[in-house]
Amino acid sequence: MASTYSIFMIYCFLQSDKLERLRERMIKVRELFRDTDSTEFVIVTIPTVMAVSESSRLRASLQKENVPVKRLIVNQILPPSASDCKFCAMKRRDQMRAFEMIQNDPELSSLTLIQAPLVDVEIRGVPALKFLGDIIWK
């Protein structure tokens with residue numbers, strides 16, 4: 001019968017082999033993320049102060065890792081309206097404040113800005129993503 005020590009050593013060997021394979025995969029993923037010929041990381045956010053701040057921190061982190069980022073998509077932009085209700089007027093002001101933050105942010109201001117409108121359905125599934133993609137990438 002195998003001793004507890006032997007079983008433990010076999011377990012450690014198997015775990016170290018798993019960790020080594022994981023490490024190798026992580027290196028490949030890191031190289032893929034940094035490959036500007038095949039990869040671009042696109043930051044997608046919504047026009048709120050908190051989301052823009054988070055996007056700025058994300059861009060800084062990606063830059064430290066040499067991950068290429070060229071575009072910023074701002075999602076759920078209120079469409080133009082001839083008459084705003086009080087709620088819509090407040091939301092529009094909040095969104096404008098978020099856009100000002102983007103324009104003045106050293107991490108985000110150099111990115112190509114793409115605006116995606118707020119639509120009346122939840123974007124979920126391939127057909128909905130294609131619909132929104134057709135709007136964004138026109």
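Contact here means heavy atoms within 4.5 Å. The legends below describe a predicted model.

**Figure 1. Surroundings of Ile 43 in strand β1 of the predicted model.** Strand β1 covers residues 43–45, and Ile 43 belongs to it. Beyond its neighbours within four places in sequence, Ile 43 is in contact with Ser 55, Leu 58, Arg 59, Leu 62, Val 69, Arg 71, Leu 72 and Ile 73. Ile 43 has a relative accessible area of 1% and is therefore buried, the limit for that class being under 20%. Although Ile 43 and Val 74 are 31 residues apart along the chain, their C-alpha atoms are separated by 8.5 Å.

**Figure 2. Overall organisation of the protein.** The protein contains 4 helices and 3 strands, arranged along the sequence in the pattern α-β-α-β-α-β-α. Of its 138 residues, 22% count as buried. Among contacts with a separation of 6 or more, 69% come from residues 24 or more positions apart. The exposed area is about 10,400 Å², of which carbon and sulfur atoms supply 60%.

**Figure 3. The largest nonpolar core and the position of Leu 108.** This core has 13 residues, and those touching the most other members are Leu 72, Val 74, Ile 102 and Leu 108. Two or more residues are contributed by each of α2 (49–64), β2 (71–77) and α3 (86–104). A second, separate core has 5 residues, including Ile 114, Ala 116, Leu 132 and Ile 136. With residues up to four places away in sequence left out, Leu 108 touches Val 52, Ser 55, Ser 56, Arg 59, Leu 72 and Ile 102.

**Figure 4. Two serines of helix α2, Ser 55 and Ser 56.** Ser 55 lies in helix α2, and Ser 56 has its place in that helix too. Ser 55 counts as buried because its relative accessibility is 6%. For Ser 56 the relative accessible area is 13%, so this residue is buried as well. Apart from residues up to four places away in sequence, Ser 55 touches Ile 43, Thr 45 and Leu 108. On the corresponding basis, Ser 56 is in contact with Asp 105, Glu 107 and Leu 108.

**Figure 5. The largest pocket and its lining.** The space in this pocket amounts to about 150 Å³. Its lining consists of Asn 75, Gln 76, Pro 117, Leu 118, Val 119, Val 121, Ile 123, Leu 129 and Leu 132. The elements giving two or more residues to the lining are β2 and α4 (126–136). By class, the lining comprises 7 nonpolar and 2 polar residues, with no charged residues. Leu 132, one of the lining residues, is also a member of the second nonpolar core.

**Figure 6. Positive phi values at Asn 66 and Gln 76.** Asn 66 is a residue other than glycine with a positive phi, near 60 degrees. Its place is in the loop between α2 and β2. The relative accessible area of Asn 66 is 54%, so this residue is exposed, the class being defined as over 50%. Gln 76, likewise not a glycine, has a positive phi of about 70 degrees. Gln 76 lies in strand β2 and counts as partly exposed because its relative accessibility is 41%. Gln 76 is also among the residues lining the largest pocket.

Note on methods
Residues numbered from 1 in each chain as written. Predicted model: local features only at pLDDT ≥ 70, side-chain atom pairs only at ≥ 80, totals over all residues. Heavy atoms only, no water. Core = buried A, V, L, I, M, F, W, Y, C linked by side-chain atoms within 4.5 Å. Buried < 20%, exposed > 50% of the residue type's maximum accessible area, 1.4 Å probe, protein only. 1 Å grid on protein atoms, 1.4 Å probe; cavity = no way out; pocket = protein on both sides within 12 Å on 5 of 7 lines; lining within 4 Å. Points joined across faces, edges and corners; volume = space filled by probe spheres on them. Nonpolar A, V, L, I, M, F, W, Y, C, P; charged D, E, K, R; others polar. Areas by Shrake-Rupley, 256 points an atom, 1.4 Å probe, with all protein chains shown as cover.
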